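Subject: Handover of a structure, with notes on helix packing and a few residues

Dear colleague,

I am passing on the structure below, together with notes on what was found in it. Please read the notes with the coordinates open beside you.

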Amino acid sequence: MAERLTPQGINTVIVGNNREYFSPIDPHVPDVLKDEFIQSDIDEADMDIMCHGDNKIVLLPKIVDPAFISDISRLFRYKNVHVYNPHDNGSGLSKNILQDSHVYGMVIASLRVSSDPKVVPWGHTRQYQELIDALKAEKVIFSTPETPTRNALWTTEYIDTKIGSREILLRAKEKNPKIKIPEGFVCADVNSAMQIADYFLGTNRGVVFKANLGAAGIGVHVFPPSEFDRNISANRAKIEAKVKINPLLTSGPVIVEEYIQPNFSHHGVFPSVDSIVRPDGRVDVQAVNAMVI
């Protein structure tokens, strides 16, 4: 929907920059998967309408079916939700907002008359930071409750890596024994990772390779023990044939972990740990929603 008047009573501006957040991975996505990878990020942005309650502006990269917005508003009892789609200049949602004078002006005007103005992204990006800096240059006063302070922005990049997330889970495990983490190693490159894989294969276990960067399974290879026999050389060749052609695995650090057999008799095969990143970069684990990580 596209209103001409400035929405009143707005508490939050949601920047649904899912696509922008994952775009650095694009060069590493196989051509056969790239269209699906990109489109899924765009499609999933409509979920951002559900975030942060009522009284908000939601900025999305594409037009959303008004019936969907109506259904969500009715289910969550929203009365004051306004969805905008800035003109797409192909430079990412945050810059599109900046370059669309109508939408950008609407955001500024709504934040200025808000009693508790906040700006919240789906994920922090360089482009989003440029948007925040531009709003502040306009003398707009608002908070960014899901963005660390400028000196702690490294936290967002570190936690979003496999190395960073594993390190945080290891710290969380010290406080909560419910968290179970597979045996694993951080390797400087894929060649040293292959040597660790030999260790897991030699103890009759499967192995998982994880590129330090990646998304939606791009950069992850799973090798359950059922794929291997007693021929170590043949097993190693089978792994190398896949991992050494993945540019994400061959261009940076690699995590190698023991394969854990999923238990499909339980709901939530992909468990999670919820945490809050404080403004200064500290990470506090809030809840554990799983037995196996």
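To begin with one pair of helices, what is the handedness of the crossing in which helix 5 passes helix 6? The crossing is right-handed, and before I describe the rest of that contact I should say that this is a predicted model.

As for the setting, the protein has 293 residues, of which buried residues make up 41%, and its secondary structure comes to 11 helices and 10 strands. The C-alpha trace spans about 70 × 40 × 40 Å along its principal axes. If one takes the contacts between residues at least 6 apart in sequence, 65% of them join residues at least 24 apart.

Helices 5 and 6

Returning to helix 5 and helix 6, their axes come within 11 Å and cross at roughly 60 degrees, and the two helices are therefore oblique to each other. The residues that meet are Y104, V107, I108 and L111 in helix 5 and L131, A134 and L135 in helix 6. In terms of residue class, this contact divides into seven nonpolar, no polar and no charged residues.

Helix 6 itself covers residues 126–137, which is 12 residues, and reaches 16 Å from its first C-alpha to its last, close to the 16 Å expected at 1.5 Å a residue. Its buried residues are Q127, Y128, Q129, L131, I132 and L135, and these pack against strand 1 (12–15), helix 1 (18–22), helix 4, helix 5 (101–112) and strand 4 (118–121). Helix 6 is followed by K139, whose phi is positive, near 65 degrees.

One residue on the helix 4 side deserves a closer look, namely S94, which is found in helix 4 (residues 93–99). S94 is buried, with a relative accessible area of 0%, and, when residues up to four places away in sequence are not counted, S94 touches V15, N17, E20, Q127, Y128 and L131. Among these partners, Q127, Y128 and L131 also belong to the buried residues of helix 6.

Helices 9 and 10

The other helix pair I looked at is helix 9 (residues 190–202) with helix 10 (residues 232–243), which pack at an angle of about 140 degrees with their axes 11 Å apart. That angle makes helix 9 oblique to helix 10, and the crossing of helix 9 and helix 10 is right-handed. On the side of helix 9 the contact is made by V190, M194, Q195, A197, D198 and L201, and on the side of helix 10 by I232, N235, R236, I239, E240 and V243. The residues of this contact divide into seven nonpolar, two polar and three charged.

V207, in strand 6 (residues 207–215), is linked to both of these helices, since its contacts beyond four places in sequence are A197, F200, H221, V222, F223, I239, V256, E257 and Y259. At 0% relative accessibility, V207 counts as buried. The C-alpha atoms of V207 and T149, which are 58 residues apart along the chain, are separated by 38 Å.

The loop between helix 2 and strand 2

Two residues in one loop may interest you for their backbone angles. H52 has a phi near 60 degrees, a positive value in a residue other than glycine, and H52 is placed in the loop between helix 2 (31–44) and strand 2 (56–59). N55, found in the loop between helix 2 and strand 2, has a positive phi of about 60 degrees although it is not a glycine. As background, most residues other than glycine have a negative phi. H52 is partly exposed, with a relative accessible area of 34%, and N55 is partly exposed, with a relative accessible area of 25%.

Within helix 2 itself lies I42, which touches R19, P61 and K62 when residues up to four places away in sequence are left out. The C-alpha atoms of I42 and I245, 203 residues apart along the chain, are separated by 28 Å.

With best regards

Technical notes
Residues numbered from 1 in each chain as written. Predicted model: local features only at pLDDT ≥ 70, side-chain atom pairs only at ≥ 80, totals over all residues. Heavy atoms only, no water. Axes fitted to C-alpha atoms, helices over the stretch in contact; angles between N-to-C directions. Helix = DSSP H or I, 4+ residues; strand = E, 2+ residues; numbered from the N terminus. Parallel < 35°, antiparallel > 145°, perpendicular 65-115°, else oblique. Left-handed = near helix turned anticlockwise from the far one by under 90°. Contact = heavy atoms within 4.5 Å. Nonpolar A, V, L, I, M, F, W, Y, C, P; charged D, E, K, R; others polar. Buried < 20%, exposed > 50% of the residue type's maximum accessible area, 1.4 Å probe, protein only. Expected span 1.5 Å × (residues − 1).
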